[in-house]
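Let's take a walk through this model together, going from one pair of neighbours to another. Keep the viewer open and follow along as we go.

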Amino acid sequence: MAGGIVLSLGNLSTQYAWAFVGLSVTAVITASITVVIGTTLNYFLDDRINKAEILFPGVGCFLIAVCLGSAVHASNAADNEAKLSSFSNDCEDGTAIEASVSKTTYSHHEDLENRICTNEKAKFGTAYFLMELEQKRAIKVHGKGTFLGLAITFFAGICFSLFSPAFNLATNDQWHALKDGVPHLSVYTSFFYFSISCFLVAIILNISFLYHPVLNLPKSSFKAYLSDWNGRGWALLAGLLCGFGNGLQFMGGQAAGYAAADAVQALPLVSTFWGILLFGEYRRSSKRTYMLLISMLLMFIVAVGILMASSGHRK
């Protein structure tokens, strides 16, 4: 149940971190922290059934990926600030910064706070796309420092790093909490209590944040939540996928060691596809940002491969 609590806290924190840091970097940093802390704990809890000479170099690669992910976020934030600053100056001068200025009509409209110059059709990576995104999203991030987003991301990673060791303790009783002769909890029984606690914490926190929001979000109500089903289907699908993924991870951990089962943290490779190709993250960024992004992903791929190679077999 403690594992379900920290997983729920990690999931909720990640949803806030996505707004500040982006899908690609948030997933890499949280997954890497999960491996660095969680895999080390699981290695000792599993009586060192994984190959240490392979496992810990992989953990080191994940740690490097965390550092590169932080650098990607800082570099991309600087790129975005430069785009917005240049765009604002061009609007004041009456000129356009897009190469296709002769084919594009620009208009002016009054924003809630100031007057902005906007392109009728926003392209991924442009200054107008960033402003349009800021207006659509509930969490306003423009003008906030990079530290807040990274702090939320690191907190989520720490929460994620603890749920697998907690589940390991539940199924293998390394701390000898059970009396002699009492059988250990099975993976399926543990997963039931794990899911119940995760569900209850999610309900309590989300309803609390409806009435007492953070980060200057607007207040809402439980009635408004029930009446608004826009995008709710995606949320239910995400919950089902998360549940199946957790169950399979725990089954694999019981068979081959929970440290090696953390190879499931390869998930950022999928989220990067979503973030870059579908959501337009890092479009029109600087070469420095692209180099850091590629380096981060390559290091992450190497780390996952090494982690998988360290798997053992539980006696």
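Contact here means heavy atoms within 4.5 Å. With that in hand, and remembering that this is a predicted model, we can begin at asparagine 42, which lies in helix α2 (residues 23–45). Which residues does asparagine 42 contact, leaving aside its neighbours within four places in sequence? They are Ser164, Pro165, Asn168, Tyr258, Ala259 and Asp262. Asparagine 42 has a relative accessibility of 0%, so it counts as buried.

A second asparagine makes a good next stop. Asparagine 246 belongs to helix α8, and its relative accessibility of 10% is under the 20% limit, so asparagine 246 is buried too. Setting aside residues up to four places away in sequence, asparagine 246 touches Leu7, Phe163, Phe191 and Phe194.

Those phenylalanines lead us to the aromatic residues. One aromatic cluster is formed by Phe163, Phe167, Phe191, Phe194, Phe250 and Tyr258. Tyr258 has already appeared as a contact of asparagine 42, while Phe163, Phe191 and Phe194 were met as contacts of asparagine 246.

Across the whole structure, a search finds 14 aromatic pairs. Take phenylalanine 62 and phenylalanine 300: their ring centres are 5.2 Å apart and their planes stand at 90°, so this pair is edge-to-face. The pair links distant parts of the chain, with phenylalanine 62 in helix α3 (residues 52–93) and phenylalanine 300 in helix α11, 238 residues apart. Are these two residues buried or exposed? Both phenylalanine 62 and phenylalanine 300 are buried.

Another pair joins phenylalanine 191 and phenylalanine 250, whose ring centres lie 5.8 Å apart with planes at 70°; because that angle is over 60 degrees, the pair counts as edge-to-face. This pair also links distant parts of the chain: phenylalanine 191 sits in helix α6 (residues 187–211) and phenylalanine 250 in helix α8 (residues 232–256), 59 residues apart. Phenylalanine 191 has a relative accessible area of 22% and is partly exposed, whereas phenylalanine 250, at 0%, is buried.

Rings also meet a charge in this model. The charged end of arginine 232 sits over the ring of tyrosine 225, 4.1 Å from the ring centre. Arginine 232 lies over the face of tryptophan 229 as well, at 5.0 Å from the ring centre.

Now back to helix α11, the home of phenylalanine 300. Two packed helices are described by the angle between their axes and the distance between the axes. For helix α10 (residues 268–278) and α11, the axes come within 11 Å and cross at roughly 155°. That angle is over 145 degrees, so α10 counts as roughly antiparallel to α11. On the α10 side, Pro268, Leu269, Thr272 and Ile276 meet Leu293, Leu297, Phe300 and Ile301 of α11. Phe300 thus takes part in this helix contact and in the ring pair with phenylalanine 62.

Further along α11 (residues 287–309) is glycine 305. With a relative accessibility of 39%, glycine 305 counts as partly exposed. Its C-alpha atom is separated by 9.2 Å from that of alanine 266, 39 residues away along the chain.

Finally, compare the coordinates with the database record. An unreviewed UniProt entry places the feature "transmembrane region" at several spans, including residues 190–212 and 258–278. Residues 190–212 are 96% helix and 0% strand, with end C-alpha atoms 33 Å apart. For residues 258–278, the end C-alpha atoms lie 33 Å apart, and the span is 71% helix and 0% strand.

How values were computed: Residues numbered from 1 in each chain as written. Predicted model: local features only at pLDDT ≥ 70, side-chain atom pairs only at ≥ 80, totals over all residues. Heavy atoms only, no water. Helix = DSSP H or I, 4+ residues; strand = E, 2+ residues; numbered from the N terminus. Buried < 20%, exposed > 50% of the residue type's maximum accessible area, 1.4 Å probe, protein only. UniProt positions renumbered as here; feature names shortened; annotations may be inferred. Phe/Tyr/Trp six-rings, centres within 6.5 Å; stacked < 30°, edge-to-face > 60°. Lys NZ or Arg CZ within 6 Å of the ring centre and 35° of its normal. Axes fitted to C-alpha atoms, helices over the stretch in contact; angles between N-to-C directions. Parallel < 35°, antiparallel > 145°, perpendicular 65-115°, else oblique.
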